[in-house]
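Trainee: Could we go through this model together? I would like to see how each label is earned.

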Amino acid sequence: MLTNNSHCVAEHTHCAVILYVIKQALRRGRVPQLRQNIITGEWVVITPERSQRPHDFKIPSSHKNESGTEKPCVFCVGSPAYQTRIHTYESNIIYVIPNKYPAFVENPEYCSMRSKIDPSGFYTTMPSVGGHDVVIVKDHDCDIYSFSTGIWTELFLMTKRRYEHWRENRTCDYSMMIYNHGVPAGASIDHPHAQTFASNIIPSYIIKEIKGSKKYYNSHKSCVYCDLIVYEQKQKVRIVAENDLFFACTFYAARFPYEVWVLPKHHQSHFDSEGQRTLIELAQIMHVVFEKIGKTLNNPPLNFYIHDSPTRDGEKNYYHWHIEITPRLSHYGGYEIESEVVIDVQSPENAAEYLNS
Ligand SMILES: [Zn+2]
Ligand SMILES: [Zn+2]
Ligand SMILES: [Zn+2]
């Protein structure tokens, strides 16, 4: 049996090993960090440990290796990744692992060391603090278009628990759950999985949404998202699905063809304030929306994201959490990327018509 003293010694040795690994990584310049664009003020996460050589940037085309045989899946139950699971976040349907190449890291010691990387003072650098998980659906053979409402519910309940965990982490300013389906949407592994990012920055796009929502609230004295739902219910030209607690429609100024938004009908700033009954209703509407997208567009590559209030903010009357679903049917060209003005080739009204036919 370990005495208190021997326990301390063991812990100290463990810390010393971690510190050694960190110092080695620092020496090789292989630790992620946040760098600020000195002109626009936007943040970039540099994760050099992920890709080092030009051929590492090649897009993986399939699950098969060069001889055409199947590679063992890296996320299936029993894989080395499964062995790294966080045991308190495992259910019959889902398990959670820390991302092997995190964009934001939880170990405070690791982070405090990284803040010393750029001593010049010309550029602004911050440690990339927070967390980065992979939330993995155990069943390899299902995909986002065949998730049952049970899988959807479990996915959202697990995400809520991870958000609650990040909220307790004092270094976290923003949590974002994202899902990539298909190689063109950024998924390099076929096995169904979501990711949650917990960052010490608020993403630029969310800052724009908050600023715009506040401005709308100040001039209309109401929440723009609540008003949008009421307006779309009256217009009836962009509705995709609806149930007791949620509303789904194509977005009037869509950035992507067939972009669909899913919003709670009640005003709520934070996703993780929602209870189980609400998340079951969310699961039901997602099941319906994905059935429509899958059927209409032949299971396209796609992303979806939860847009939420910043972690440290209390309940706000101007911001309303929601989900944006963005099928990846076309690529952005130079104009879209550089001007941030999107040319969407599909009208949202026609998209809704097709999705409902
Ligand atoms: Zn698998
Ligand atoms: Zn609202
Ligand atoms: Zn949004």
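Mentor: Happily! Along the chain, the donors of the zinc ion (ligand 3) follow the spacing E-x97-H-x14-H-x1-E. This is a predicted model, where local features need pLDDT of at least 70, side-chain atom pairs count only at pLDDT 80 or more, and totals for chains, interfaces and linings use all residues. Residues are numbered from 1 along each chain as its sequence is written, chains are lettered from A and ligands numbered from 1 in the order in which they are written, and side-chain values use heavy atoms, leaving out hydrogens and water.

Trainee: What makes E209, H307, H322 and E324 donors of the zinc ion (ligand 3)?

Mentor: Donors are N, O and S atoms within 2.8 Å of the metal (3.2 Å for Na, K and Ca); water is not among the atoms, so sites may look incomplete. E209 (OE), H307 (ND1), H322 (NE2) and E324 (OE) lie 1.8 to 2.0 Å from the zinc ion, so they qualify.

Trainee: Why is the arrangement around the zinc ion (ligand 3) called tetrahedral?

Mentor: Four donors count as tetrahedral if all angles lie between 85 and 135 degrees. Here the four donor atoms subtend angles of 102 to 125°, so the arrangement is tetrahedral.

Trainee: How do you know whether E209 is buried or exposed?

Mentor: Buried means under 20% relative accessible area, exposed over 50%, partly exposed in between (1.4 Å probe, protein chains only). E209 has 9%, so E209 is buried.

Trainee: And H322, buried or exposed?

Mentor: H322 is at 0% relative accessibility, so H322 counts as buried too.

Notes. Tetrahedral: all angles 85-135°; square planar, octahedral: opposite > 155°, others 65-115°.
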